[in-house]
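Biologist: Could you take me through one spot in this model up close? I'd love to hear what surrounds a single residue, and then how some of the strands pair up.

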Amino acid sequence: GNVVVFTAADTNGDKVSTTTVNGDNKVFGMVMSGVGTLQVQTEYYGNILTEGYTTKLWVNNGTSSIAIGDWLSCYSHAYYSKKAVTGDMVFARALSTPTTGTASINALLVAPRLI
């Protein structure tokens, strides 16, 4: 459920990584599974979900709560998404609310769009 962005392409294929940029416009989707311990890798080579339903998207709602129907974007802490604000590139819509400050929620990933 870690949020990732597109970083490069080379002869080995597309590469994605995490970001610490709020509303990053290179958002690619979220990691579904991968090789090794995802939190310590700098690049991911696993299954990436770019559109569709998930029950594992990590969010960090900080001081603003996430409600069902809210748009989600990249957060300033790697691996997490947050409630989007005007000017953010969004990539998902919340289908559940987090139970704690950082939690995994149900979401619908969509093609990235600016709000």
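Modeller: Happy to! In this predicted model, the side chains of Thr 19 and Asp 24 make a polar contact at 2.6 Å. The Thr 19 side chain has another polar neighbour as well: one of its polar atoms lies 3.1 Å from the backbone nitrogen of Val 21. As for where this happens, Thr 19 sits in the loop that links strand S2 (13–17) with strand S3 (27–33).

Is Thr 19 buried or exposed, then? Its relative accessible area is 9%, and because the cut-off for buried is under 20%, Thr 19 counts as buried. If you leave aside residues up to four places away in sequence, Thr 19 touches Val 5, Asp 24, Cys 74, Tyr 75, His 77 and Ala 78. Asp 24 is thus both on that list and the partner in the side-chain polar contact. Val 5, also among the residues touched, is 14 residues from Thr 19 along the chain, yet their C-alpha atoms are separated by 6.6 Å.

Now to the strands. Strand S9 (residues 102–114) runs antiparallel to strand S5 (residues 52–60), and 7 bridges join the two. One pair to look for on your screen is Thr 54, whose bridge partner in S9 is Ala 107. S9 is also joined to strand S8 (residues 89–94), again in an antiparallel arrangement, by 5 bridges. There, you can pick out Met 89, with Leu 114 as its bridge partner in S9.

Notes: Residues are numbered from 1 along each chain as its sequence is written. This is a predicted model: local features need pLDDT of at least 70, side-chain atom pairs count only at pLDDT 80 or more; totals for chains, interfaces and linings use all residues. Side-chain values use heavy atoms; hydrogens and water are left out. Two strands pair if DSSP finds at least two bridges between them. Helices (H or I, at least four residues) and strands (E, at least two) are DSSP runs, numbered from the N terminus. Buried means under 20% relative accessible area, exposed over 50%, partly exposed in between (1.4 Å probe, protein chains only). Contact means heavy atoms within 4.5 Å. A polar contact is a pair of N or O atoms within 3.5 Å; within protein, one must be able to donate a hydrogen and the other to accept it, and residues adjacent in sequence count only if both atoms are side-chain atoms.
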